[in-house]
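Hi there,

Here is the structure I promised to pass on. Have a look at it first, then read my notes below.

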Amino acid sequence: MRNSEIAISIKNLTKYYGDFKALDNVQFRVQRGDFFAFLGPNGAGKTTTINVITGLSNYKTGEVQVFGYSTIIEYPQTRRLIGLCAQEFNFDPFLTIHQLLVYQAGYFGVTPGSASKRADELLGRFQLTEKRNVKHRALSGGMKKRLLLCRALIHDPEILILDEPTAGCDLELKFLIWDYLTQLNKEGKTIFLTTHNMDEAEKLCKTIGIINHGRIVRIGEKKDVLQDKSLEDVFLEVTGSE
């Protein structure tokens, strides 16, 4: 990796949808090994930022790098370093869950043999081994959430990006996912998490960034940000969007 200490670097990022400015001069860094919570109300710019980082969306001005690689000029390098866990259950309906993990790994140059072994490891870790030969439609909602995480991790990325991974989960599954993510971070994964759940951010994260109306409001260590009385109205707006 060109820059092994800065996982994500965003400088002067501005993004428009037509005449609407979705991101306004956004700038921040995520250190390698950090557990970074990205908070903001609905429409604040969280998912747009994720789309830019993962190369799913272009932008007007600015610079976005993943471990020193440009997400525009060096997209293949940056995409291999990222595992994306989105909110939607957008699985291939014709493949078993083991097959779809192997298929996903192929996009990142993982050989079928290595991908199959990795898929078995992840399905075991996320308690899905007994379902390896069924299709995703036979899974419960909670199992599908875990399958999203397996798919994001199948190519063993350096960065795991999660867009509200516990939205709609019951408490048991929410705590299970929290334990998984904590362990992954301890193992060295850099985790970038969007959430409306302040308990989730407080429980899991080391650093918190707040975005509102496309602008960064605050970036800092979790304790300092959560104790900032000037952010109380923003926090209420964040939790009210859940």
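First, some vocabulary: strands (E, at least two residues) and helices (H or I, at least four) are DSSP runs, numbered from the N terminus. Two strands pair if DSSP finds at least two bridges between them. Keep in mind that this is a predicted model, where local features need pLDDT of at least 70, side-chain atom pairs count only at pLDDT 80 or more, and totals for chains, interfaces and linings use all residues. Residues are numbered from 1 along each chain as its sequence is written, and side-chain values use heavy atoms, with hydrogens and water left out.

Now the sheet. It is open and has 6 strands in the order 6-7-8-3-9-10, with mixed pairing. Strand 6 (82–85) and strand 10 (215–221) are the edges, each pairing on one side only. Inside the sheet, strand 3 (residues 35–39) runs parallel to strand 8 (residues 190–195) over 5 bridges, and Phe-35 stands opposite Ile-191 in strand 8.

Next, salt bridges (a side-chain nitrogen of Lys or Arg within 4 Å of a carboxyl oxygen of Asp or Glu). There are 9 of them. In one, Arg-215 meets Asp-24 at 2.6 Å, N to O. This pair links strand 10 to strand 2 (residues 20–31), 191 residues apart. Asp-24 is buried, because its relative accessibility is 17% (buried means under 20% relative accessible area, exposed over 50%, partly exposed in between, with a 1.4 Å probe and protein chains only).

Another salt bridge joins Lys-189 and Asp-156, also 2.6 Å from N to O. Lys-189 is buried at 12%, whereas Asp-156 is partly exposed at 46%.

Cheers
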